[in-house]
Amino acid sequence: MTTARARRHVTVRGVVQGVGFRPFVHALAAEHGLTGWVANDAGGVDTEVEGPVAAVEAFCEEIGTRAPPLAVVESVEHHAVPLDHDTGFTIRPSGGGPGRTLVSPDTATCDACLSELADPGDRRHRHPFITCTHCGPRFTIITGLPYDRVTTTMAGFPLCPDCAREYGDPADRRFHAQPIACPRCGPRLALLHAPGTAHTLPGAPDAPGVARDGEALAEARRMLADGAVVAVKGIGGYHLACDASDRLAVRTLRKRKNRGSKPFAVLADGMATVERVAHVGNAERALLLGPRKPIVLLRRRAPAPGDVTADVAPGSPDLGVMLPYSPLHRLLLGLPGDPPGPRVLVLTSGNRAGEPIVTDDADALRRLEGLADAWLLHDRPIHVPCDDSVVRVCDGAELPVRRSRGYAPFPVALPAPVVPALAVGGDLKNTFCVGDDRYAWLSAHVGDMDDLATLTAFERATAHLADLTSVAPRLLVADLHPGYRSAQWAVRAGHERGLPVARVQHHHAHIASAMAEHGLDGSAPVIGVAFDGTGYGDDGTVWGGEVLLADYDGYRRLAHLRRVPLPGGDAAVRNPYRMALSHLWAAGLPWSPELPSVRVTTPGERALLERQLARGFNCVPTSSMGRLFDAVSSLTGVCHRVAYEAQAAMELECAALAEPGDAAGDGPAYRFALRPESDAPGAPLAADAGPVLAAVAAEVLAGIPAGRIARRFHEAVVALVLDMCRAVRQRTGVGTVALSGGVFCNTLLASGCHGALERDGFAVLAHHKVPPNDGGLALGQLIVAARTGT
């Protein structure tokens, strides 16, 4: 009796290239005794299988449920095709043509590769580029699709016979793993010292005086142990590294990079070291050990001798920590038996202030000259810059601060279809976004758009991501602000390409990003609480303390902070004491000489500022919550001048976190006054900070500790959010609140608001997939402007 046979064509969509999916299909077919073929194409993975009907049906079921660990299967479609009577199962060359697949982000080195890296008997022992189908670079090396070695920056490294045998062996972990290599055929390391290296690159393997491979690595470790600063070429760009326990080395790096007091991130050699220098909860542990390995912000422990020096993150109770995510980083920290070296390294982006991360070797020698004492580099090109991701944990859940390596370009599924579009984001913490139908692809972190090199990197990255996703934009989307460089770029590009440019108000985009992340289709509005430092309002003033009734089609401003003057624009942002004096002036409160904000100014500056405020000269009104945080930070003596964005607000949060949770309960609570801003029917509510500022000033003058005042201020803002949302709910009946904007990177505030609102019966949307700051802005722009409405 002949067993009934069938043949099916199966198409799989999702993150299915660069993750070992074809080897998995090959093995699954062999397990079920099926013949046929599998291939990548521009839209995903195609396969045909033939055999007994029951075996074919099992294959079609299991291809989506038993996928490799890095794969994300979005859909499996299959249909019957005629029998072909083939005698085996093959992996065919990849096909091209129209379509799209989802490219895997770069992934941290897996345990199997780490074991081989440390095994003296393995042929890849100490190989700095060890990888397999389950780990290693993907996004940063892909030059095109379908994903094959010829469309990566590994194309210039022909496989040696041993690697070729592994690549072709279906039973091997490296079967069709595109980045694989070994010491015989892979990239090579080189160490170049600062003097006289400007024209010596690793592409010249016989250059005299250049340390190579293991010798280069050993010399780099020795230099780091001796206090040097070494530029290290990673997966997505260069880092600047030094010994995190060496105060002089850290101060040297800080001075050379003109870093001010901004905290550095550190790379630790393992969890035991992390737990010695910081407090680690279960959620933080999972992030540190997971395949993405971002920088995780942890509460630091008091430094012990030989541990991370306080100069790494001066004045901050938090420490940004990551574990090695590439074999080179693992080797840099040492394997068992290596000479002693630093167990924790400062690892900061390889760039000068305001510039994008460096990826090109010649560029690194030029742009990092004077910053580094040596360059540890290699000859595998980086096609796509990708800085490290940064996350926090809030109420046990991940809160993205910077979404980049390990996350980009993994897409966000959209709750409504969009036309092919490019949303360019904002000017700070820029990321952009391309979208089509029900997917949005956010870029890696680009940076602040105030430098020509950043604009150039932005333009290159937009073209690459559009090509990678097969999105041909028919619409460009930008912020409403006329002075944003990102918006100006969109206008120029639109003119050159004949494309329309849509503009989306800043805070509407913030709220829309939270709605999209949570899968809301926009059929019902939400109460959007958008708190940040700066956003261009539709009335021409600077917004930033907004409560909107919003859906994707539009918004109404129903409440906001009462406006105060922003004296001198950027001068007030750089000098929080100016915002403190402005807030006091607007509230009719005296500039007492005993207040810290007043003490740091000269009599001449105070007189000039008073005239400026009285006349309204160069004083754009602002409703910014970020600027109010700045003002209170200065009033309490925490921070008067900033060297980096949001420094004053972050240090105020740190001061509050350092105070015991019940310490703020002494004395009456601070309260904002909430009343309509005018007598007009339906006028928005205005939250007057005057009563809070009066209480803050009185307690500062009474000698109450800054941390206690900071905590009570946070509690006052939580109470204000609850009051405003209650008022909007009473007026509209809406009971869902979206919290967005950079101020909600503050975990004390975010957690307090979330808890207070939920206890009062609200459904609360907080960010877990994209940052609440401007790094998530482009997603909101896209869904607002490009949604088809179908």
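**A four-stranded sheet and its salt bridges**

In this predicted model, four strands line up as an open sheet in the order β19-β18-β20-β21, and the pairing is mixed. The edges belong to β19 (433-442) and β21, each of which pairs on one side only. Neighbouring strands don't line up neatly: on average they are turned by 60 degrees against each other, direction ignored.

Start with β18 and β19. These two strands run antiparallel and are joined by 6 bridges. One residue pair to look for here is V412 with A440, its bridge partner in β19. Two helices pack on this sheet. Helix α12 touches β18, β20 and β21, and its direction makes about 155 degrees with that of β20. Helix α23 (residues 777-786) also packs on the sheet, with contacts to β18, β19, β20 and β21; its direction makes about 85 degrees with that of β18.

On to β20, which has a partner on either side. Strand β18 (residues 412-423) runs parallel to β20 and is joined to it by 3 bridges. Strand β21 (residues 501-504) runs parallel to β20 too, this time with 4 bridges. L476 is a handy residue for tracing both pairings: L422 stands opposite L476, while in β21 the bridge partner of L476 is V501. How many residues of strand β20 are buried? The count is 5 of the 5 residues in the stretch 475-479, so the strand is largely enclosed by the rest of the structure. The path from β20 to β21 is worth following as well, since β20, helix α12 (residues 485-497) and β21 make a right-handed β-α-β unit.

Now for the charged side chains. Side chains of opposite charge can pair when their charged atoms come close. The structure holds 46 salt bridges, and a few of them show how such pairs are placed along the chain.

One is local. D363 and R367 meet through their side chains in a salt bridge, at 2.9 Å from N to O. Both residues lie in helix α10 (residues 361-367), 4 residues apart, which is about one turn of the helix. Are these two buried or exposed? With 16% relative accessibility, D363 counts as buried, and R367 counts as buried as well, at 11%.

Another pair spans more than one element. The side chains of R557 and D539 form a salt bridge with an N to O distance of 3.7 Å. R557 sits in strand β24 (residues 555-561), whereas D539 is in the loop between β22 (526-536) and β23 (542-550), so the pair ties together parts that are 18 residues apart in sequence. R557 is buried, with a relative accessible area of 13%, but D539 is partly exposed at 40%.

A third example involves D688 and R562, whose side chains meet in a salt bridge at 3.2 Å, N to O. D688 lies in strand β28 (residues 685-688) and R562 in the loop between β24 and β25 (564-567), so this salt bridge ties together parts that are 126 residues apart in sequence. At 13% relative accessibility D688 counts as buried, while R562, at 31%, counts as partly exposed.

Salt bridges can also link up into a group. Which residues are linked in a network of salt bridges? They are R5, R7, E48, E50, D84 and D86.

Definitions and conventions
Residues are numbered from 1 along each chain as its sequence is written. This is a predicted model: local features need pLDDT of at least 70, side-chain atom pairs count only at pLDDT 80 or more; totals for chains, interfaces and linings use all residues. Side-chain values use heavy atoms; hydrogens and water are left out. Buried means under 20% relative accessible area, exposed over 50%, partly exposed in between (1.4 Å probe, protein chains only). Two strands pair if DSSP finds at least two bridges between them. A crossover is right-handed if, with the strands pointing away from the viewer, the path from the first strand over the helix to the second runs clockwise. Axes are lines fitted to C-alpha atoms, for helices over the stretch in contact, and angles run from 0 to 180 degrees between N-to-C directions. Contact means heavy atoms within 4.5 Å. A salt bridge is a side-chain nitrogen of Lys or Arg within 4 Å of a carboxyl oxygen of Asp or Glu.
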